[in-house]
Amino acid sequence: MGNRNNVTVFILLGLSHNKNIEIFCFVLFLFCYLAIWLGNVLIMISITHTQLIDQPMYFFLNYLSLSDLCYTSTVTPKLMIDLLAERKTISYSNCMLQLFSTHLFGGIEIFILTGMAYDRYVAICRPLHYIVIMSRPRCNCIISACCSGGFLHSASQLLLTIFLPFCGPNEIDHYFCDVYPLLKLACTDTHTVGLLVIVNSGLIALMTFVILMVSYVLILCTIRVYPAESRSKALSKCGCHIMVVVLFFVPVLFIYLRPNITLPADKVFALFYTIIALMFNPLIYTLRNLEMKDAVRKMCHQNCLGRS
């Protein structure tokens, strides 16, 4: 592979060449990154230190928050460093590592969202069997399957890319290493690889999105006969999930469900699923969820009493 690959360092072109815009973006993304950490850590502490951890929905939410932190941390710190740097570079090995890690945690995130949708479907459509179906061993198996699915997805993405020859140029028109910008630099025909990427990323995301939407349609059809109070509670929880799913999946589908081409808008859409959607997740799950709001209040109250 060393004889076929003359590139040892890639240059990331980033979001902009205007220094004022880069400084503004640095401040903005620093705020977003801190908000992601604060919100998700608060959710994880509130769940693990209360009885919410015994409920499957919050068991999955705890792992979703953890995957959010890992996912955004594969991209955002490097992006912020590059926004202040004169020369934005990344070594070949670190580029491949970033490619693998972003797809690993992104894949895990997608599969956990699917697990959460299944949990809501069982809770609302089969309430009498809920405790049996969503037992703790079953939940552990679902999380294990999510991690395994994410690993298989990211490993296949890495294998599609790592054996490509890069002879130059070495400028990646993006702010992180992803498959399509790298395929653009490969000095070989990447048409077949591009089709495999669509199958591995685009179709998986599309099928997952369709499954999620169908499950929520079934849920909405089921809760029509519920009493007003129960219907309102179910709609509140499902509404949170639907908002998170749309924010995350629409940009992903825009980028990966098309042929091997890159567009200027890709960077903006990528910001949604690597930073912006992840920042809104904690807000959506806390502000629109009464149980999470109560758990956060209890944690803050206990904290204040402890300090007193």
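A residue counts as buried when its relative accessible area is under 20%. Keep that cut-off in mind, since it comes up again and again in this predicted model.

Let's try it on L69, a residue of helix 2 (residues 56-73). L69 has a relative accessible area of 5%, so it is buried. What does L69 touch, leaving aside its neighbours within four places in sequence? The answer is I36, W37, N40, V41 and M44. L69 can also be placed relative to Y33: the two are 36 residues apart along the chain, and their C-alpha atoms are separated by 9.1 Å.

**Helix 1**

Helix 1 covers residues 19-48. Its 30 residues should span 44 Å at 1.5 Å a residue, and because the end C-alpha atoms are 43 Å apart, expectation and model agree. At the N-terminal end, N18 acts as a cap, with a side-chain oxygen 2.9 Å from the backbone nitrogen of N20. Several residues along helix 1 are buried, among them E22, C25, F29, Y33, I36, N40 and M44. Three of these names may ring a bell: I36, N40 and M44 are among the contacts of L69.

Just ahead of this helix is L15, in the loop between strand 1 and helix 1. Is L15 buried or partly exposed? With a relative accessible area of 24%, L15 is partly exposed. Even so, L15 has contacts beyond four places in sequence: C25, F29, L79, Y175, K267 and L271. As for N281, which is 266 residues away along the chain, its C-alpha atom is 24 Å from that of L15.

**The sheet**

Now for the strands. There are three in an open sheet, ordered 2-1-3, with mixed pairing. Strand 2 (89-91) and strand 3 (171-172) are the edges, each pairing on one side only. Helix 4 (residues 92-125) packs on this sheet and touches strand 1, strand 2 and strand 3. The direction of helix 4 makes about 90° with that of strand 2.

Strand 1 (residues 9-12) runs antiparallel to strand 2, and three bridges join them. With strand 3, strand 1 pairs in the parallel sense over two bridges. In general, strands of a sheet pair through backbone hydrogen bonds, either parallel or antiparallel. Going residue by residue, V9 stands opposite S91 in strand 2, while I11 has T89 as its bridge partner in that strand. On the strand 3 side, L12 is partnered with I172.

**Helix 4 and the core**

Helix 4 deserves a second look. How far should its 34 residues span at 1.5 Å a residue? The expected figure is 50 Å, and the end C-alpha atoms are 49 Å apart, so the two agree. Of those 34 residues, 25 are buried, which means that helix 4 is largely enclosed by the rest of the structure.

The largest nonpolar core holds 94 residues. Those touching the most other members are F10, L61, F166, L182, F249, Y273 and Y285. Helix 4 gives the most to this core, with 15 residues.

**Two neighbours in helix 8**

Last stop: helix 8 (residues 191-222), where S201 lies. N200 is found in helix 8 too. Both have a polar contact between side chains, and here is how they line up.

| Residue | Relative accessible area | Side-chain polar contact |
|---|---|---|
| N200 | 13% | S156, 2.8 Å |
| S201 | 7% | Q157, 2.8 Å |

Are these two residues buried or exposed? N200 is buried because its 13% is under 20%, and S201 is buried because its 7% is under 20% as well.

Their contacts can be listed too, not counting residues up to four places away in sequence. N200 touches H153, S156 and Q157. S201 is in contact with H103, H153, Q157 and Y256. H153 and Q157 appear in both lists. H103 also ties back to an earlier part of this tour, as helix 4 covers residues 92-125.

Conventions: Residues are numbered from 1 along each chain as its sequence is written. This is a predicted model: local features need pLDDT of at least 70, side-chain atom pairs count only at pLDDT 80 or more; totals for chains, interfaces and linings use all residues. Side-chain values use heavy atoms; hydrogens and water are left out. Two strands pair if DSSP finds at least two bridges between them. Helices (H or I, at least four residues) and strands (E, at least two) are DSSP runs, numbered from the N terminus. Contact means heavy atoms within 4.5 Å. Axes are lines fitted to C-alpha atoms, for helices over the stretch in contact, and angles run from 0 to 180 degrees between N-to-C directions. A nonpolar core is a set of buried Ala, Val, Leu, Ile, Met, Phe, Trp, Tyr and Cys residues joined through side-chain atoms within 4.5 Å. Buried means under 20% relative accessible area, exposed over 50%, partly exposed in between (1.4 Å probe, protein chains only). A polar contact is a pair of N or O atoms within 3.5 Å; within protein, one must be able to donate a hydrogen and the other to accept it, and residues adjacent in sequence count only if both atoms are side-chain atoms. The expected span of a helix is 1.5 Å times one less than its number of residues.
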